[in-house]
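I opened the file and kept notes as I went. The entries follow in the order I made them.

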Amino acid sequence: MKAPLVQLKKINQVYGKGEKQFPALKHIDLQIREGEFVALVGPSGCGKSTLLRIITGLQKASSGVVNYKGAPLKGVNKEATIVFQTFGLFPWFNVIENVELALADRDMPAKMKTARATEAIDRVGLDGYEMAYPRELSGGMRQKTGFARAIVAEPELLCLDEPFSALDVMSAESLRGELLELWSEGKLPTKAILLVTHNIEEAVFMADRIVVMDKNPGRVIHELMVGLPHPRNRKHAEFQLMVDQVYSLLAGQTQPEYLEYGTAPGEPGITRKLPDVPIANIASLLEGLIEHNNKDVDLYKLADEFGHDSDSVLMATEACELLGFVDVKQGDVSITPLGQTYAEASITARKEIFAARVKRIPIFSWLINLLSSSDERKIERPVLLAALELEFHPEEAEIQIDVLINWGRYAEEFVYDDTNETIYLE
Ligand code: ADP
Ligand code: MG
């Protein structure tokens, strides 16, 4: 066994103050060894991103120890790099300039920086696009630029926070393959990779070891080795068995309702996020289930059939579950009578059912109350953003506003005026 690169001992993270205080991470013990590709999976809000920030020293945990190569980590870990889901490129810099940024504080001649950046761009398969600006690139190419920027720094520890989830299915799949190839052929100077994902299939496809987390409080509930040889085949029985195994670890944990639905912003407890799902996906998931004659369907098979990535199917399932349209048990989804009614209803009736259900979700009813108690029954986006930033990080708060607006418009509860960024009660 190789030496541990990262060692976490009894990590705890508490967020919030006073009544709103909650344990985001509880008692995390984790090791990442040299040569390992580790995936961290778990539902949204279980603390995956928080854990990454703690491992890389971007954030200091409330308590516990982070060791890097046997010594306590002080400040930001210069040997580690994180690639985020949103590409984080500067629009006014071209590809090579964006990549060279990673070497900005290195003491080396400018020519050498350019040479190294060019080489990294080659390695991710972007040669020829050195001078292109982010707006000229597809999502996949932007994420490749993000990877190039990460590997040019030659990090010992490469951390990836849901790096494929903002991409379309095809680009995500080819980028996964390319990353695996770079890694398994030893073309990366990297000693270990830590991939955060809520996509279980992706974890089984790529990782040597899967660390399964759950939330309330965020904790590790299981670790399993993936012994399958590369390249892995998603259709193989062993592959599917592994996926099912992880699903059943994650499902089956029943929570009291206030935890399932969350609390309103500003109330004690955890505000549950709305899944970022277009309304159309909710209906198409339900229609798919009806085609299965309402038998229980394996979540993972459903994703396969729809030709959607499992991310978007999981999100649609989460939305349907929140709305009471499906039940999920042990990784199997079944449609409820209400879900069936919704799927078969007219457009107007669908809206009515949706409106009645969505108002039960605390974050949604909180916004309705906020609007109805304001003088002109309106709220400006920045004001709403400030309120939500007390609960979520700024990026997530923006996403939540967009989902609230989309869902609220569909339910005919809100009107949104883009020109003055104001939400009105309908
Ligand atoms: P994941 O990446 O698994 O979705 P996160 O680490 O982003 O989870 O968040 C875990 C929990 O902590 C969530 O409930 C989230 O809203 C909350 N949280 C994350 N960052 C902060 C922060 N800086 N301040 C307060 N709460 C936070
Ligand atoms: Mg996250």
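**Notebook: one chain, overall to local**

I looked first at long-range contacts. Of the contacts in the chain with a separation of 6 or more, 67% are between residues 24 or more positions apart. I note here that this is a predicted model.

**Overall form**

I counted secondary structure next. The chain holds 16 helices and 16 strands. I then checked the radius of gyration. It is 22 Å, close to the 22 Å from the globule rule for 426 residues, so the chain is as compact as a globular protein of that length. I also took the extents of the C-alpha trace. Along the principal axes they are about 65 × 50 × 45 Å.

**Surface and charge**

I asked how much of the chain is buried. Of its 426 residues, 50% count as buried. The exposed area comes to about 19800 Å². Carbon and sulfur atoms supply 53% of that area. I then tallied charged side chains: 45 are positive and 63 are negative. The centres of the two sets lie 6 Å apart.

**Domains**

I looked up the division of the chain. Domain 1 covers 4-248 and domain 2 covers 279-425. Their contact takes 17 residues from domain 1 and 18 residues from domain 2. I also took the distance between the domain centres. Over C-alpha atoms, it is 29 Å.

**Ile 28**

I picked Ile 28, which sits in strand E2 (residues 22-33). Is Ile 28 buried or exposed? Its relative accessibility is 0%, and buried means under 20%, so Ile 28 counts as buried. I listed what Ile 28 touches, leaving out residues up to four places away in sequence. Leu 8, Lys 9, Lys 10 and Ile 11 are among them. So are Leu 51 and Met 213. Gly 218, Arg 219 and Val 220 are also on the list. I checked one C-alpha distance as well. Asn 12 is 16 residues from Ile 28 along the chain, and their C-alpha atoms are separated by 6.8 Å.

**Ile 151**

I moved on to Ile 151 in helix H4 (residues 139-152). Ile 151 has 3% relative accessibility and counts as buried. Beyond four places in sequence, Ile 151 is in contact with Ala 120, Arg 123, Val 124 and Leu 188. I took a C-alpha distance here too. Ile 151 and Ala 71 are 80 residues apart in sequence and 24 Å apart in space.

**Cis peptide bonds**

I looked at omega angles before two prolines. The bond joining Asn 216 and Pro 217 is cis, with omega about -5°. Pro 217 lies in the loop between strand E9 (209-214) and strand E10 (219-225). The bond from His 230 to Pro 231 is also cis, and omega is near -10°. Pro 231 is in the loop between E10 and helix H7 (237-250).

**Positive phi**

I ended with backbone phi. Which phi value does Arg 377 have? Phi is near 55° for Arg 377, a positive value in a residue other than glycine. Arg 377 is in the loop between helix H14 (362-373) and strand E14 (378-380). Its relative accessible area is 40%, so Arg 377 is partly exposed.

I then turned to Glu 421. Phi of Glu 421 is near 50°, again positive in a residue other than glycine. The loop between strand E15 (414-417) and strand E16 (422-425) holds Glu 421. With 35% relative accessibility, Glu 421 counts as partly exposed.

Terms used. Residues numbered from 1 in each chain as written. Chains lettered and ligands numbered in written order. Predicted model: local features only at pLDDT ≥ 70, side-chain atom pairs only at ≥ 80, totals over all residues. Heavy atoms only, no water. Helix = DSSP H or I, 4+ residues; strand = E, 2+ residues; numbered from the N terminus. Rg over C-alpha atoms; globule rule 2.2 N^0.38 Å. Buried < 20%, exposed > 50% of the residue type's maximum accessible area, 1.4 Å probe, protein only. Contact = heavy atoms within 4.5 Å. Areas by Shrake-Rupley, 256 points an atom, 1.4 Å probe, with all protein chains shown as cover. Lys, Arg positive; Asp, Glu negative; His and termini not counted. Charge placed at Lys NZ, Arg CZ, Asp CG, Glu CD. Domains from an automatic or database assignment.
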